[in-house]
Protein chains: 2
Amino acid sequence: MVDDDLPNTGLLLYIPYRWLENRVIDALITAGYGDITTAQMRIVQRIGLHGTRLTELADQAQVTKQTAGYLVDQLEKAGWVERVVDPTDKRARLVRIAARGKQALPIAATAVAEVEAAWEAHLGKRHVAQLRHTLGRLREITDPYA
Amino acid sequence: MVDDDLPNTGLLLYIPYRWLENRVIDALITAGYGDITTAQMRIVQRIGLHGTRLTELADQAQVTKQTAGYLVDQLEKAGWVERVVDPTDKRARLVRIAARGKQALPIAATAVAEVEAAWEAHLGKRHVAQLRHTLGRLREITDPYA
DNA sequence: TATCATTAGTCAGATACTCTGACTAAAATA
DNA sequence: TATTTTAGTCAGAGTATCTGACTAATGATA
């Protein structure tokens, strides 16, 4: 069990990540929510329950705030998110999930759950749990926002 | 050890992937090889020892062949790769690593090794091996080109 | 409290990436 | 040989991303 013929760990992480993302996109398209792009999804995914500031979304998605602003503009036009004033800071506004986003998110969540179920079927429940645990530990040293 | 507070598995995979990619970019910039973009790296990474066809690069990187062609154009102009005729098929050409690429690749490889060492220091050798093994098994059902 | 520095976000412009559609030439197949 | 498929390019358009410059509100401090 040496696994020395495997590609580098980066690619190894990327392959299932991309697979999962593609399954979510497929599910959204099928359900009529295809008017969202991967770049936009990577923003939406990081919006917290009570809304999140643009700058924080930018930091977490690792894009500039200008880019995040552009993506939120698109999402807002399409009804996925809305901007509301931040009561604690007049400069800031909170980006929140709006109507269309609330409808679509369960579909995305279901798609993720289905993929995770498929992975459990292939790897076994124990190994998936261990994988998630290990990735969670890795997050401690790779996620500045953990 | 339930890990129920962890984000979805997609984000969990993406975070360390992106971290690793950033460390590679940092190393390349430091060594004076900053004239490559992430999109270009995702192509270069998939070029085999004897060269790889454009269409295959496109498939594996999950972009259209036009996009792959555009990226290879940039890489070729910068001396990272070259195109040589495929002796077995006059329509095709093989994309191969050229001089600049050959110089830079060891730097990228070193950066990857350093990150993997840091991960081993944090998780333990055993858990990293297990992580790679599990990701390798996952690849069986998520990589059409495995 | 008046000033200075920082932070949140936008505007403008440029570049990079990605796609669809249409095309040529070579190879594979019927 | 005629047809279909495959490898790749050309052209055009939309999306994503960046840097630089700016405004307004906040925070820190003299």
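Me: Which helices supply residues of the surface near DNA strand C?
Reply: In this predicted model, helix H3 (54-61) and helix H4 (65-77) of chain A each supply at least two residues, as do helix H2 (38-44) and helix H4 (65-77) of chain B.

Me: And which one gives the most?
Reply: That is H4(B), which contributes four residues to the surface near DNA strand C.

Me: How many residues surround the strand, and which are the closest?
Reply: DNA strand C is surrounded by 21 residues, the closest being A:Thr55, A:Lys65, A:Arg91, B:Thr37 and B:Gln66.

Me: What is the make-up of that surface by class?
Reply: The surface near DNA strand C has eight charged, seven polar and six nonpolar residues.

Me: What polar atoms lie by the phosphate oxygens of the strand?
Reply: From chain A, a polar side-chain atom of A:Arg93 lies 2.7 Å from a phosphate oxygen of DNA strand C. From chain B, a polar backbone atom of B:Thr64 is 2.9 Å from a phosphate oxygen, and a polar backbone atom of B:Lys90 is 3.0 Å from one.

Me: Changing topic: how can chain B be laid on chain A?
Reply: A turn of 180° with a shift of 0.0 Å along the axis lays chain B on chain A, with an RMSD of 0.0 Å. The two copies are therefore related as by a two-fold rotation axis.

Me: Which C-alpha of chain B is nearest the axis?
Reply: It is that of B:Leu13, 2.8 Å from the axis.

Me: Why can one say that the copies meet through the same surface?
Reply: Because 100% of the interface residues of chain B are also interface residues in chain A.

Methods
Residues are numbered from 1 along each chain as its sequence is written. Chains are lettered from A and ligands numbered from 1 in the order in which they are written. This is a predicted model: local features need pLDDT of at least 70, side-chain atom pairs count only at pLDDT 80 or more; totals for chains, interfaces and linings use all residues. Side-chain values use heavy atoms; hydrogens and water are left out. Copies are superposed by least squares on the C-alpha atoms of residues with pLDDT of at least 70 in both. Contact means heavy atoms within 4.5 Å. A residue is near a molecule or strand if one of its heavy atoms lies within 4 Å of it. A polar contact is a pair of N or O atoms within 3.5 Å; within protein, one must be able to donate a hydrogen and the other to accept it, and residues adjacent in sequence count only if both atoms are side-chain atoms. Ala, Val, Leu, Ile, Met, Phe, Trp, Tyr, Cys and Pro count as nonpolar, Asp, Glu, Lys and Arg as charged, and the others, Gly among them, as polar.
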